[in-house]
Protein chains: 2
Amino acid sequence: MASKQKLIGVDLGGTTIKFAILTTEGEVQQKWSQETNVLAEGSLIIPDIIESINHHLDLYNMSAEEFMGIGMGTPGGVNRADGSVSGAFNLNWDADHKVYPVRDITEQTGIQTYLENDANVAALGERWKGAGNNAKDVVFVTLGTGVGGGIITNGKLVTGIAGGGGEIGHVTIDPDGYECNCGKKGCLETVASATGIVRVARDLAEQYAGNSKLKSMLDNGDDISAKDVYDLAKEDDVLALQVVDKVSMYLGIALANQANSLNPEFIIVGGGVSAAGDFLLEHVNKYFLEYTFPLVRRTTKLKLATLGNGAGVIGAASLVINEGE
Amino acid sequence: MASKQKLIGVDLGGTTIKFAILTTEGEVQQKWSQETNVLAEGSLIIPDIIESINHHLDLYNMSAEEFMGIGMGTPGGVNRADGSVSGAFNLNWDADHKVYPVRDITEQTGIQTYLENDANVAALGERWKGAGNNAKDVVFVTLGTGVGGGIITNGKLVTGIAGGGGEIGHVTIDPDGYECNCGKKGCLETVASATGIVRVARDLAEQYAGNSKLKSMLDNGDDISAKDVYDLAKEDDVLALQVVDKVSMYLGIALANQANSLNPEFIIVGGGVSAAGDFLLEHVNKYFLEYTFPLVRRTTKLKLATLGNGAGVIGAASLVINEGE
């Protein structure tokens, strides 16, 4: 019998499912992807994943016995007790309808499957093979359509009692702030997600009277994005710089407080908005340094994510090692 | 040879050193204490501890072989790499003078010694035998002269890369707030420690014109304490209630953000100020519920500490089990 030395990582998203076969050292040996078919209330998704894995194992002439396990990242709420998911709205899995990926994939591939939420899986990936340098304590925050995150302490993912661990997007940064989709006010997500940044831009534009291309675009009713805000700020647009400064202050305080509480080696910033790169990081770091106490200021470092979309499959695969211990 | 089934816990404080002998199940079998002699730059403290342990083992007719280890909680900065402490000012151990308790106590008792900072040790104690119910994820905050804390995730203490883990007192709760001893502004400690609560009372009293015993006491120049503020609030003193409300808001937000990030089963509030009991907890809980997102609001609970001063020796002893694994 072959020894169990390989891993499969699956990154389930609303438009694409990514797959990879990795060694236990995290080297990607094969990868492929397919579209997510969300028709029929998303009931085809898990069968599609099973078929794709079994098909590719045949194709590569590999057997289930060669694998330590399958790790999968998913949107929605993960129930770790029964390996189910619910409330993944971009997969058409509604809150009342439970899906059982762990049971189904394990049974129909013959490979033990592990499941975790997508932001946590990306955190594991960045920690293992990305900016995290395999440090024992890493905080990951992803700035995209929403703000997600994952926290790793002493080398283990923090899921908490009900899976809410790492939800940095719902930290309160302004008690009198904007209403959030989650039902409370002043969440980091309301000002630091892609849509949050545009919201801050609209608010500041109302009070701004000077010369600004961003102001003109907003007044024209142009459809602006967070990327536009950062691009204009890089060109010294005064209003755009005000927006970046305000968003950076909120992010700086929120990440400083993660650092003041956990003193991780790295806080890694990823997600679509982080494409603004060093410019984004430098502005956040200014406030991060202001709001960390001296010991933490000297020892916890902000970094940009390095794996991009690849963090998901790699982190998912690492679940097998983490959970299988 | 006797099997190694017992633990020694040492809680080193500025006025008293507490000792206990426990079973590995956490049952206290013997306890004693002695004054801390901080003369001669604190150079007598570690020899005193060693002598006291050896003396009591003789007294109880016990030998070093019966012990799994000694755990000790200490003020100051703990260096986990070399088992040293520095900058424990209430012990007269200054920042430039390193003391090596792990080396010295291990050598001179023949029992392996483990060291951790005092707030972290109290967190371990409350988690193990106090309000924490041995839950895998517990956040502990202690409201005393300062505000300290300890965070346990997946059953392990979070120390971070440089020992700053759990420093909840230095989370920024008001970017424009008071200057803190740590060198930055707006730390939780500046408004929620015993002295911080009095500071908030003085500030609110300046703007308050109505009838209030607290106002009269402050105007008279009486020496008031945090306990006075809570006692008067319980008697419906209007200004005292305003102070309690403001302090509770700060604590509520800070603890809600711990919950939003880590989703622990319990957040335990201890320290001298927590003697205000359920009255304190209910006021904090009002804001805690307002600033936690729904999943966390339903699953993370605030609780009062139950071990009081005993948390230190019990938590210190549990270090042996935690670190010895």
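**Figure 1. The contact between chains B and A draws on 41 residues from chain B and 41 residues from chain A.** This is a predicted model, so take the close-ups in that spirit. Put the two chains together and about 3,100 Å² gets buried between chain B and chain A, with carbon and sulfur atoms giving 60% of that area. On the chain B side, the trio to look for is Ile161(B), Ser261(B) and Phe293(B): they supply 17% of the area that chain B buries against chain A, more than any other three residues.

**Figure 2. Polar contacts, but 0 salt bridges, link chain B and chain A.** If you go hunting for salt bridges between chain B and chain A, the count is 0. Polar contacts are another story, with 17 residue pairs between the two chains, both partners at pLDDT 80 or more. As for who is doing the touching, β9 (147-153), β10 (156-157), α8 (238-262) and α10 (294-299) of chain B each give two or more residues to the side that touches chain A. The largest share there, 6 residues, comes from α8(B). Sort that side of chain B by class and you get 15 nonpolar, 18 polar and 8 charged residues.

**Figure 3. Asn260(A) has neighbours in both chains.** You'll find Asn260(A) in helix α8 of chain A, which covers residues 238-262. Its relative accessible area is 0%, so Asn260(A) counts as buried. A polar atom of the Asn260(A) side chain lies 3.2 Å from the backbone nitrogen of Phe293(A). A polar atom of that side chain also lies 3.2 Å from a backbone oxygen in the partner chain, that of His170(B). Not counting residues up to four places away in sequence, Asn260(A) touches Tyr291(A), Thr292(A), Phe293(A) and Val296(A), among others. Across in chain B, the residues it touches include Gly164(B), Glu167(B), His170(B), Val171(B), Thr172(B) and Lys184(B).

**Figure 4. Domain 1 and domain 2 of chain A, side by side.** The domain assignment gives domain 1 of chain A two segments, 6-124 and 310-323, while domain 2 of chain A runs over 134-305. Their C-alpha centres lie 29 Å apart. Where the two meet, 9 residues of domain 1 are in contact with 13 residues of domain 2. The pair bury about 850 Å² between them, 56% of it on carbon and sulfur atoms. Asn120(A), Ala123(A) and Asn322(A) supply 47% of the area that domain 1 buries against domain 2, more than any other three residues.

**Figure 5. A closer look at the domain 1 side of that interface in chain A.** There are 0 salt bridges between domain 1 and domain 2 of chain A, and the polar contacts come to 1 residue pair, both at pLDDT 80 or more. The elements giving two or more residues to the domain 1 side are β7 (113-117) and α3 (118-129) of chain A. Of these, α3(A) provides the largest share, 5 residues. By class, the domain 1 side has 4 nonpolar, 3 polar and 2 charged residues.

**Figure 6. Gly130(A), in a loop of chain A.** This glycine lies in the loop between α3 and β8 (138-143) of chain A. Is Gly130(A) buried or exposed? It counts as buried, at 19% relative accessibility, because the cut-off for buried is under 20%. Leaving aside neighbours within four places in sequence, Gly130(A) is in contact with Gly125(A), Thr306(A) and Leu307(A). For scale, the C-alpha atoms of Gly130(A) and Leu281(A) are separated by 17 Å, with the two sitting 151 residues apart along the chain.

Technical notes. Residues numbered from 1 in each chain as written. Chains lettered and ligands numbered in written order. Predicted model: local features only at pLDDT ≥ 70, side-chain atom pairs only at ≥ 80, totals over all residues. Heavy atoms only, no water. Contact = heavy atoms within 4.5 Å. Buried area = accessible area lost by both parts, 1.4 Å probe. Salt bridge = Lys/Arg side-chain N within 4 Å of Asp/Glu carboxyl O. Polar contact = N/O pair within 3.5 Å; in protein donor to acceptor, adjacent residues only side chain to side chain. Helix = DSSP H or I, 4+ residues; strand = E, 2+ residues; numbered from the N terminus. Nonpolar A, V, L, I, M, F, W, Y, C, P; charged D, E, K, R; others polar. Domains from an automatic or database assignment. Buried < 20%, exposed > 50% of the residue type's maximum accessible area, 1.4 Å probe, protein only.
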